[in-house]
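Hi,

Here is the structure I promised to pass on. Have a look at it first, and then read on for what turned up.

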Amino acid sequence: MTAGGSARLPRLVVAGVGLIGGSFALAARAADLVGEIVGIGRTRRNLEEALRRGIIDRIAIDAADAARDADVFLLAAPVGACAALAAELRPHARPDAILTDAGSTKAGLVAALEAAWTSPALVVGAHPIAGSETSGAGAARADLYRGRPCILTPTAATDPGALARVRALWEGVGARVTEMDAGRHDAILARVSHVPHLVAYALVLAATEGAVPADELLAWAGAGFRDTTRIAASPAELWRDIALANAAAVCAGLAEFRAALARIERCVAQGDAAGLEAALAVAARARRGLGGGGA
């Protein structure tokens, strides 16, 4: 039995052994939550790095090898690849194997996974609110989820036992677990994660494609620009998939951002010092209320 009282998991398969999947594997191993950890992914070099670091015990050569006798599958690949991965693994998985994920979008992804898996009852959507702009097995660390929120998005089809198992795993790696409707999750995360990432990318695009030559402009980029755009160093493929998978909520969030930006632009153009200060003060108070924290 583990420290949390649940049975130790004999075999975990991690599909996508990067920052998210690799950190989960490291933390699960450190907490003695699992026996064997099997890694699969697209890049042999990354998998070999994961093996060298002790993140995984072995590299699966194909879907059949990966799925053999696995108890839980964690999909930590870009969200656009997850349904295809599930479909590839399904013919080789045990009928009672649980499928979960770590994707930043939930409604469409969970529905696709339920349709692709052995049983929709054994699919449990999950989203750990943790990460950084770094990627790959070399970026994985065992403390990534400690004290961080993790949202589970069960549906009407979800088996309570599968849900309890996935909850125990995330709590076992140190996360603070809560449950939420998938649609509500997507509406919220669009505004506090997906849109901010796109805005950071847009700020860098504006700096590199604007009127001032990029080499001259970026040579003078200080802490403000670097801090604001840090997350724009994240993998483009990852955020492409997230934005497209949550397009409606992301577009709504971008419209709200454009309205706020237009308000600030209007105050500046009109020389409205009082209006500008009022808008900035509202934002400053809200931001101070957040305190520090990770990505």
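Let's start with I264, which is partly exposed, with a relative accessible area of 31% (buried means under 20%, exposed over 50%, and partly exposed lies in between, using a 1.4 Å probe and protein chains only). I264 sits in helix α11, residues 247-269. Together with V268 and L280, I264 makes up a nonpolar patch on the surface, with about 240 Å² of accessible area in total. A nonpolar patch here takes Val, Leu, Ile, Met, Phe, Trp or Tyr residues with over 30% relative accessible area and no salt bridge, their side chains joined within 5 Å; a salt bridge puts a side-chain nitrogen of Lys or Arg within 4 Å of a carboxyl oxygen of Asp or Glu. The areas come from the Shrake-Rupley method with a 1.4 Å probe.

Before the sheets, some background: this is a predicted model, where local features need pLDDT of at least 70 and side-chain atom pairs count only at pLDDT 80 or more, while totals for chains, interfaces and linings use all residues. Residues are numbered from 1 along each chain as its sequence is written, and side-chain values use heavy atoms, leaving out hydrogens and water.

One open sheet has 6 strands in the order β3-β2-β1-β4-β5-β6, paired in parallel. Helices (H or I, at least four residues) and strands (E, at least two) are DSSP runs numbered from the N terminus, and two strands pair if DSSP finds at least two bridges between them. At the edges are β3 (58-59) and β6 (123-124), each pairing on one side only. Helix α4 (residues 79-89) packs on this sheet and touches β1 (9-15), β2 (34-40), β4 and β5, with its direction at about 155° to that of β4. Contact means heavy atoms within 4.5 Å; angles run from 0 to 180 degrees between N-to-C directions, with axes fitted to C-alpha atoms, for helices over the stretch in contact.

Within that sheet, β1 and β2 share 6 parallel bridges, and L9 has V34 in β2 as its bridge partner. Since 6 of the 7 residues of β2 are buried, β2 is largely enclosed by the rest of the structure. Strands β4 (residues 72-75) and β5 (residues 98-101) pair over 4 parallel bridges.

There is also an open sheet of 3 strands, ordered β7-β8-β9, with mixed pairing. β7 (126-128) and β9 (176-179) each have a single partner strand, so one side of each lacks a neighbour in the sheet.

Cheers

Note on methods
Patches are made of residues with over 30% relative accessible area and no salt bridge: like charges are joined within 9 Å, nonpolar side chains (Val, Leu, Ile, Met, Phe, Trp, Tyr) within 5 Å.
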